[in-house]
Amino acid sequence: MARATRRRPRAGARTVAASIALILGGGGLIAVNSYAAAGEGHGPWPGGETRQEQRETLGAGPSPVTVKCPEAANGLPEVPEAARAEVDRELATMDNGITEAYQRFADEQEQIARDPRFAQNAILGPLRNKREAGLDRIAEAIGRITGQRPQGLRALAPCTLQTDGGDGAGQDGGADGGDAGGDGGGVEAGNGGQAGNGPEPSDFADIRTVAPNVQNPPRLRGASRGTFTTDCGVNANGKFNPDNVIVAPGVSNGAHHMHDYVGNQANDAFASDEDLAAGATTCRDEGDRSTYYWPVLRLQNGQDEDDAQADGGGKDRNVGEILTPSQVTLDFVGNPRGKVTAMPRFLRIITGDAKAFVNGDANANASWSCTGFEDRQLEDKYPVCPQGSKVVRSFRFQSCWDGRNTDSANHRTHVAFTDASGRCPGGFVAIPQLVQRIVYDVPPPVFEGADAAVFALDSFPEQLHKPVTDHGDFINVFDEKLMRELVSCLNEGRRCGPGDASQTPGGRTQEPKDAPGTATGTPTAPAEQETDAPARPTAPAADPEPAPAAPREPATPTAAPPNADRPAAERSTAEHPAEKQETEAEQAPRAPEAAQARPEAAKVPAAPAAPAAGASPGPSEPATAADARRPAAPAGTDTTAQAPPTPTTTADEPPGVPVPDGGDAPQAVGGGALAETGAQLWPSAAGAVLLVAGVALLRVRTRRGVTRRR
């Protein structure tokens, strides 16, 4: 009996041990297989797939990112004035066709992935036919006036697919058909942004990783050194529309994106010169009825704007909350080589290229930076600014005029940029240069999670909200008297602004007026000493809290001396007058800001060199010559507090900030079933069987033990 008593516990223990082993073995198989499945497809795409796996899932033809068509306006011969309106309407219709084609690509991704020829046969082919018909009508319109129909315009009709590699891929939709794909094809869903077509993390760069790249060209003794500031507000009254009276007159939604307007309030697609001359203005000096407009900046934060279902807004994939600038500065500066002449009234100038993503950057001319870091400029990236710093968009408009035309067929050839020394091309004369600076208080971008919010320009849908597509538009509607005063101010080397009787020729006095959208004035700066050396940097002031009941003082900016324009080969930009006084809570370190030229190298952010031991922190360490031009700090100023932060990443930066170039890109969290990640199911199945067997055996053993005890 004792022997039996000893054997029973031993057999029961063995049974329990076997049960536990089966349970642990089965559970382990399931756990290991699940872990392998989760990690196998780790990558930036939903479902845990790598980009290559995503392409294989979609099939042989990778999905297109956008549509690339030749810019027909750049390929036209001289367009007679009598034919220009008809030509502009046809060009706008061709833009509509591109937008419609892009929408079809976006809506029919699955069909295109299954059958790459579908894109050619159903979308690109018909688009080519429509463009050929439009180009034929343009040729006919020109031929009616000149008596000679231009030939070869149909070569501008074919369009291709531009993949995420940046190259046009696929055929043009002609009889040959062809593969719609190409190497490096992207997935439409990978374009980022809450509109589904951008921006994406790679469109952003931490401004602190960009090396100082702004240069200040020298000015000759006869330079026109003055600065004339016009104050037209920040569009606080909310004048928006998706028209473009310069490029697409008479066409509603000619821009396919919303514009901010300051100055002339009569501006829409149908405004004539007479309408503009009689229009109201937000400018403090009513002698300036000019129109200044640019694409709005939005915060894609999931909040619908009033245009969520309208042309130019949600219908053209421009979504989110339209942001009002915290400051807009409009300066006219002179020429670094000599005197300037008056602009003709109704002169039209476009700077930058709204289609630069597919056209290339030959006409790109916008800069992005951050307050306190404006010696660093970006062209094809949005800036990620440190805490307390604001996003800055800046434009330097063309400053040479052909002396005859207020516009041209492509809206560019009647004006030109100077060369690097400030000289205008042959046959062109120097005119005042508009320098425009727009400041926004926006948070850094966050691409994932509940707090996802990204700031981005409005754009044509196929331009994918790329920052390189930024642009500005200007129509001169100064009255003749004020234009004479502007030219005199520049040529005599003074700083002038609305209502500034002490600086304005003839003692002109004007009381500040409260126009809709008018910004508060900036403090008057001391006069700059004229020298033959490049302009000195001026330390920015900060933004004040507006006092609604207080009368506004005239805006008299710090000096922003003339600078070389931005030729095609050596484009440049400039920094502009300082911001207005901020509250103490908003104050951030600032770097000296000045009118300076930006070399082409600004396109590629480069990490700045580490500062030498003992050097004061800042975004740039100027050379000795630059130090000599830096103004002394006012008495009692804490110069240490004014230095901008060192270009390092801190632990308290907000989540979602894109990693600088060279780092690992942000990764989406992948999910999905085991089959979706390519895992094998049989180990999990075997593990499940073992687990069930172990549990059953243990349960049987437990029941037998209970029965015997009874």
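A cavity here is a set of points, on a 1 Å grid over the protein atoms alone, where a 1.4 Å probe fits but cannot get out, and lining residues are those with an atom within 4 Å of a point. Grid points are joined across faces, edges and corners, and a volume is the space filled by probe spheres set on the points. The model is predicted, with local features needing pLDDT of at least 70 and side-chain atom pairs counting only at pLDDT 80 or more, while totals for chains, interfaces and linings use all residues. Residues are numbered from 1 along each chain as its sequence is written, and side-chain values use heavy atoms, with hydrogens and water left out.

The structure holds four cavities of 30 Å³ or more, and the largest of them contains about 490 Å³ of space. Its lining is made up of 39 residues, among which Glu71, Asp95, Val247, Asp353 and Lys355 lie nearest the centre. By class the lining has 17 nonpolar, 12 polar and 10 charged residues (nonpolar being Ala, Val, Leu, Ile, Met, Phe, Trp, Tyr, Cys and Pro, charged being Asp, Glu, Lys and Arg, and polar the others, Gly among them). Among the elements that each supply at least two lining residues are strand E1 (66–68), helix H3 (81–107) and strand E21 (471–475), and H3 gives the most, with six residues; helices (H or I, at least four residues) and strands (E, at least two) are DSSP runs, numbered from the N terminus.

Strand E21 also takes part in an aromatic contact. The structure holds 11 aromatic pairs (rings of Phe, Tyr and Trp, the last by its six-membered ring, with centres within 6.5 Å; planes under 30 degrees apart count as stacked, over 60 as edge-to-face and the rest as tilted). Tyr292 and Phe474 form a tilted pair, 5.3 Å centre to centre with 35 degrees between the planes, and this pair links strand E8 (residues 291–295), which holds Tyr292, to E21, which holds Phe474, across 182 residues. Both Tyr292 and Phe474 are buried, that is, under 20% relative accessible area with a 1.4 Å probe and protein chains only. Tyr382 and Phe455 form an edge-to-face pair, 5.6 Å centre to centre with 75 degrees between the planes. Because Tyr382 lies in strand E14 (residues 382–384) and Phe455 in strand E20 (residues 454–457), the pair ties together parts that are 73 residues apart in sequence. Tyr382 and Phe455 are likewise buried. Tyr292 and Phe474 also belong to one aromatic cluster, which includes Phe228, Phe332, Phe397 and Phe478.

Note on methods:
On a 1 Å grid over the protein atoms alone, a cavity is a set of points where a 1.4 Å probe fits but cannot get out, and a pocket is an open set with protein on both sides within 12 Å along at least five of seven lines; lining residues have an atom within 4 Å of a point. Buried means under 20% relative accessible area, exposed over 50%, partly exposed in between (1.4 Å probe, protein chains only).
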